[in-house]
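Visitor: Please take a single part of this structure and give me a close account of its surroundings. I should like the geometric criteria stated as they arise.

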Amino acid sequence: MSRQYAIIAAVVLAALVGGVWVATMIGGRSEDQFAQCRASQIAGGADQIGGPFELIDSRGVTVTDKDVITEPALLYFGYTFCPDVCPFDVARNADAVDILQERGKMVTPVFISIDPERDTPEVVGDFAANLHERMIGLTGSPEQVKAASKAYKTYYKAQPAEDNYYLVDHSTFSYLVLPEQGFVEFFRRDMASEDMADAIECFVDNM
């Protein structure tokens, strides 16, 4: 049943895709400065996804989105005990960030845990540091994590377990967020790091 919820969550996000073109092109004009960069379209506009959050960093310090997103950032919601999907996705994001850095574009990779019961600040910090030296690892209270996840329309649900080795079903989108504009694009996990870097570069160049 939990996997059905994950599918439903993905469908809901996909349902948001496709409407912004209609919303912005009515009257024969577009007000989207990133129109040429977008591969996806968000119903109602990109401002329907993202927003303020308050989480805890690897030092145990409470931070907000303003503290974290000081330059273009690539956000991923996952958990450190994830056996396969999260490490591959976050490593792909790290590769894209390195490609961009070689091109002179600085983007911050961010990992946000959706498993606050196990992912302490130290645990999430070590996970992030092992994947990229500039990656920011964030966790928080269950309420803080839920609020951040809700803002980005992500899904997660821990499977029942009798021990500490339970799995967490979750969505696997990566989100590009700019300091002034907020969320501008999401990427699916089947996108290659080089293609992701190309897409992000377009947004960065048009900030």
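Guide: Apart from its neighbours within four places in sequence, V90 is in contact with Y76, F111, L131 and M135, contact meaning heavy atoms within 4.5 Å. The model is a predicted one, in which local features need pLDDT of at least 70 and side-chain atom pairs count only at pLDDT 80 or more, while totals for chains, interfaces and linings use all residues. Residues are numbered from 1 along each chain as its sequence is written, and side-chain values use heavy atoms, with hydrogens and water left out.

V90 belongs to helix α4; helices (H or I, at least four residues) and strands (E, at least two) are DSSP runs, numbered from the N terminus. With a relative accessible area of 2%, V90 is buried; the term buried applies under 20% relative accessible area, exposed over 50%, and partly exposed in between (1.4 Å probe, protein chains only). R189 stands 99 residues away from V90 along the chain, and the C-alpha atoms of V90 and R189 are separated by 9.5 Å. A further C-alpha separation concerns A91 and N130, which lie 39 residues apart in sequence and 9.7 Å apart in space. N130 is part of helix α5 (residues 121–131) and, in contrast to the buried V90, is exposed at a relative accessible area of 69%.

The helix that holds V90 also packs against another helix. Two packed helices are described by the angle between their axes and the distance between the axes. Here the axes are lines fitted to C-alpha atoms, for helices over the stretch in contact, and angles run from 0 to 180 degrees between N-to-C directions. Helix α4 (residues 85–102) meets helix α7 (residues 193–205) at an angle of about 55°, the axes being 8 Å apart. The two helices α4 and α7 are therefore oblique to each other, since angles under 35 degrees count as roughly parallel, over 145 as roughly antiparallel, 65 to 115 as roughly perpendicular and the rest as oblique. The crossing of α4 and α7 is right-handed; a crossing has this hand if the near helix is turned clockwise from the far one by less than a right angle, and is left-handed if anticlockwise. On the α4 side the contact is made by R92, N93, D95, A96, I99 and L100, and on the α7 side by S193, E194, M196, A197, I200 and E201. These contact residues divide into 6 nonpolar, 2 polar and 4 charged, where Ala, Val, Leu, Ile, Met, Phe, Trp, Tyr, Cys and Pro count as nonpolar, Asp, Glu, Lys and Arg as charged, and the others, Gly among them, as polar.

Aromatic side chains supply a further view of the model. A pair of aromatic rings is described by the distance of the centres and the angle of the planes. Rings of Phe, Tyr and Trp (its six-membered ring) pair if their centres lie within 6.5 Å; planes under 30 degrees apart count as stacked, over 60 as edge-to-face and the rest as tilted. This rule yields 7 aromatic pairs. In one of them, the ring centres of Y152 and Y175 are 5.3 Å apart with planes at 65°, so the pair is edge-to-face. Y152 sits in the loop between α6 (142–151) and β6 (156–158) and Y175 in strand β8 (residues 174–178), so that the pair links distant parts of the chain, 23 residues apart. Both are buried, Y152 at 2% relative accessibility and Y175 at 0%. F173 and F186 also form an edge-to-face pair, with ring centres 5.1 Å apart and planes at 80°. Ring pairs further link F77, Y152, Y175 and F183 into a cluster.

V177 is likewise found in strand β8 and is buried, with a relative accessible area of 3%. Leaving aside neighbours within four places in sequence, its contacts include Y152 and F183. The C-alpha atoms of V177 and P72 are 5.8 Å apart, although 105 residues separate V177 and P72 in sequence.

For the wider setting, the protein has 7 helices and 9 strands, and 46% of its 207 residues are buried. Of the contacts with a separation of 6 or more, 71% join residues 24 or more positions apart.
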